[in-house]
Amino acid sequence: MGAGRIERLPFAGGKPMAERMLKFVSVAQGQPDKRPAAERSTDFDEIYRSFAVAQAEQQSSRCSQCGVPFCSIHCPLGNNIPDWLKMTAEGRLEEAYALSSATNNFPEICGRICPQDRLCEGNCVIEKGFESVTIGAVERFITDTAFASGWVEPIRPPVERALSIGIVGAGPGGLAAAMQLREQGYQVHVYDRYDRVGGLMVYGIPGFKLEKDIVARRHLYLEESGVKFHLGLGVGDRDEDGQIAFATLRDRHDAVLIATGVYKSRDIGGPGAGLGGIVKALDYLTVSNRLSLGDTVESFENGELNAAGKSVVVIGGGDTAMDCVRTAIRQGAKSVKCLYRRDRANMPGSIREVKNAEEEGVEFVWLAAPEAFRGEGTVSGVRASRMKLGLPDATGRQSVEPVEESSFTLEADLVIKALGFDPEPLPTLWGQPDLAVSRWGTLRVDHETFMTSLPGVFAAGDIVRGASLVVWAIRDGRDAAAQMHRWLKNTAPARAQAAE
Ligand SMILES: Cc1cc2nc3c(=O)[nH]c(=O)nc-3n(C[C@H](O)[C@H](O)[C@H](O)COP(=O)(O)OP(=O)(O)OC[C@H]3O[C@@H](n4cnc5c(N)ncnc54)[C@H](O)[C@@H]3O)c2cc1C
């Protein structure tokens, strides 16, 4: 179906529900077209094309409008999915956009990168055999159409308040909170040590899942809405060039939100772990994303973080590992293998992404874990042993144990460690010993008020939850913003009144 061809379904408007919706019995599930593997694995553009209008309307009409919408229940944002599917099926796209954006600050981003197979689509009640509604693709279509049609208006708060908020972190958690607080008329300042807005959406997640201009469009929107960004400015323990002390930030603002995410890479030890050519996943992905944005990066130019012509081994089985293997393919690696200690059924990454990776030429080595790294100065191989699944542990997840005398070696001149992330030690880094953390190092917040142990300082997103998802960061950012508004109204009523 050509992108420019606009077709409307004949039933749009005025017909009984059964004629407008419930089409899953006669209309097959249709995903947006996926670019062929040979074409897409040479560039960093998104791999799925957009729905055309008629496709979006037709796919939306497959919704059964069930009485208890499990898609909404399993969406962290509680999106009103059946309602905006119905509006889309009826050609009422502007209303669909208004409804979709009422509960989600970035529907066009969630539509692209949420693991829908585990959330909304995975819980669609359409009988097995008919396949779920393609909710993510419709969600993305609605807001992309809204931007293209000029329906996305910058925030114009009904009142301007003198009270100001400092937000540390321009990832989805911080940005969602910024939007919500701006809507209430606060003067919102976002600080980030990076030079661009978006957090992991810009420097972690590769363009083939989320193109960079989609995030840049939101940056512009927020600026037009009056949010002030202070980029290239890290928060630390003292004021110096390129850094602002956390204490200064607290003096400057009436309330502060910490939304700094988790960035300390989990490491791997063993013989040879210090060899050259063994790199951290986020260093590797950040450089690749910078190149996509047009930057020149020394560690790519000198070959250090460049997979071209190399035998690459990625260690890990989560979304970060999937992004690394697929990036290495696009950089022209000689071979790309993913080493994971559990099997396909027990990996944390999205099955959809594994399938995409396999199509693009990645080889998965399941039930295998590294023992040692070989090489003289620089890595030349990974010695691994076979693993077997044992009994479930307290969490219900099957344990893994090595199979005796099962070692084998994989050739490798670039090894990428993608084993997950922990929080940086903020109380130490920021000179705030009273900032309470959990035993995992995440910030402790009151689960009702989102306030940390420091009065007027709130926290949201991965820094509270641990490494999670964009949709959860948005949810936390929204909830924290609502609590900050409540707290400010209660503690600074005089200033709030005077400013209104
Ligand atoms: C490689 C990768 C792929 C992923 N893929 C997906 C996916 O497909 N789908 C999905 O839903 N989720 C995915 N995630 C997870 C998702 O990106 C995160 O859960 C989400 O971005 C967390 O949002 P956040 O706002 O809490 O933090 P972040 O997005 O990490 O943003 C935090 C921001 O705080 C800034 N910051 C940190 N410390 C300071 C400081 N001291 N001073 C100033 N600024 C600071 C950082 O520079 C950053 O911009 C992925 C994560 C990774 C690493």
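This note goes through the domain layout, the contact between domain 1 and domain 3, and the cysteines of this predicted model.

1. Basis. The model is predicted, and local features need pLDDT of at least 70, side-chain atom pairs count only at pLDDT 80 or more, and totals for chains, interfaces and linings use all residues. Residues are numbered from 1 along each chain as its sequence is written, and side-chain values use heavy atoms, with hydrogens and water left out.

2. Domains. The protein chain is divided into domain 1 (11-149), domain 2 (164-262 + 423-491) and domain 3 (265-421), with bounds that come from an automatic or database domain assignment. Between the C-alpha centres of domain 1 and domain 3 the distance is 33 Å.

3. Extent of the interface. Domain 1 places 14 residues in contact with 15 residues of domain 3, where contact means heavy atoms within 4.5 Å. About 1100 Å² is buried between domain 1 and domain 3, and carbon and sulfur atoms give 40% of that area; buried area is the accessible area (1.4 Å probe) that two parts lose on being put together, summed over both. On the side of domain 1, the residues that lose the most area to domain 3 are R40, S41 and F44, which together make up 42% of what that side buries.

4. Charged pairs. Three salt bridges are counted between domain 1 and domain 3, a salt bridge being a side-chain nitrogen of Lys or Arg within 4 Å of a carboxyl oxygen of Asp or Glu. R40 forms a salt bridge with E359, and their closest N and O atoms are 2.7 Å apart.

5. Cysteines. The count of disulfides, pairs of cysteine sulfur atoms within 2.5 Å, is zero. For C75, the nearest cysteine sulfur, that of C120, is 6.6 Å away. The sulfur of C110 lies 4.1 Å from its closest cysteine sulfur, in C114, which is too far for a bond. C110 is buried (under 20% relative accessible area, 1.4 Å probe, protein chains only), at 1% relative accessibility, and C75 is buried at 11%.

Terms used. Buried means under 20% relative accessible area, exposed over 50%, partly exposed in between (1.4 Å probe, protein chains only).
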